[in-house]
Amino acid sequence: MATKEEFIDRLNDALSWELAGIIQYMQHSVMVTGPLRESLADFFSDGSEEARDHAEDAGKRIAALGAVPTVEPAKIRQATDVEGMLEAALALEEDALAAWEDALEASDAVAPGYGFWIEEQIAEEQEHVDELRKMTNKVSFSDADVSGGAENAG
Ligand SMILES: [Fe+2]
Ligand SMILES: [Fe+2]
């Protein structure tokens, strides 16, 4: 069983990834160029706001446990083109997801309400990872699997 201090450390690690997300997404929102700028700028801007909400939530819980929330962001990945920005976003979300999963593992050190809250965080981060895997073409389909695909392919 984890200690309360270990749990706080892991929450602070998750918080540092959310702080990185605030900055990374905002930077890519202001910088993104190309014909899809308008929608991608909104996408990155929303990501920054969501990371801010997650960071605030984490900070509230850490403070409630009597500890000082970190103000140090984790690694911020910079990119100058759309593909690079989306790959950076996917890597960020994977790191954040892993950090939240580590925090969940240690949540038995405190009251059950923390674990339920972290499960909701994990569900959201998983959704972000899934969407970004689609956006970076890491999900693909076989033509043979779509309706009428076998005939079309034949
Ligand atoms: Fe988040
Ligand atoms: Fe996320």
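The exercises below deal with a metal site and a cavity in a predicted model.

**Exercise 1.** Find which atoms coordinate the iron ion (ligand 2), and decide how their arrangement is classed.

*Solution.* Step 1: list the donors. They are Glu-93 (OE), Glu-93 (OE), Glu-125 (OE) and His-128 (ND1), at 2.0 to 2.8 Å. Step 2: look at the angles. The 4 donor atoms subtend 51 to 139° around the iron ion (ligand 2). Step 3: apply the cut-off. Four donors count as tetrahedral if all angles lie between 85 and 135 degrees. The angles of 51 to 139° make the arrangement irregular.

**Exercise 2.** Place the donors of the iron ion (ligand 2) along the chain.

*Solution.* Step 1: write the spacing, which is E-x31-E-x2-H. Step 2: assign helices. Glu-93 is in helix 3 (residues 82–105) and His-128 in helix 4 (residues 112–135); they are 35 residues apart, so this pair links distant parts of the chain. Step 3: check for a shared ligand. Glu-125 bridges the iron ion (ligand 2) and the iron ion (ligand 1), which lie 3.5 Å apart.

**Exercise 3.** Decide whether Glu-93 and His-128 are buried or exposed.

*Solution.* Step 1: recall that buried means under 20% relative accessible area. Step 2: compare. Glu-93 has 6% relative accessibility and therefore counts as buried. His-128, at 18%, also counts as buried.

**Exercise 4.** Describe the largest cavity and its lining.

*Solution.* Step 1: give its volume, about 70 Å³. Step 2: name lining residues. There are 13, and Glu-18, Tyr-25, Ala-51, Glu-93 and Glu-125 lie nearest the centre. Step 3: sort the lining into 5 nonpolar, 4 polar and 4 charged residues. Step 4: locate the lining. Helix 1 (4–31), helix 2 (37–64), helix 3 and helix 4 each supply at least two residues.

How values were computed. Residues are numbered from 1 along each chain as its sequence is written. Chains are lettered from A and ligands numbered from 1 in the order in which they are written. This is a predicted model: local features need pLDDT of at least 70, side-chain atom pairs count only at pLDDT 80 or more; totals for chains, interfaces and linings use all residues. Side-chain values use heavy atoms; hydrogens and water are left out. Donors are N, O and S atoms within 2.8 Å of the metal (3.2 Å for Na, K and Ca); water is not among the atoms, so sites may look incomplete. Four donors count as tetrahedral if all angles lie between 85 and 135 degrees; four count as square planar and six as octahedral if opposite donors are over 155 degrees apart and all others between 65 and 115; anything else is irregular. Helices (H or I, at least four residues) and strands (E, at least two) are DSSP runs, numbered from the N terminus. Buried means under 20% relative accessible area, exposed over 50%, partly exposed in between (1.4 Å probe, protein chains only). On a 1 Å grid over the protein atoms alone, a cavity is a set of points where a 1.4 Å probe fits but cannot get out, and a pocket is an open set with protein on both sides within 12 Å along at least five of seven lines; lining residues have an atom within 4 Å of a point. Grid points are joined across faces, edges and corners, and a volume is the space filled by probe spheres set on the points. Ala, Val, Leu, Ile, Met, Phe, Trp, Tyr, Cys and Pro count as nonpolar, Asp, Glu, Lys and Arg as charged, and the others, Gly among them, as polar.
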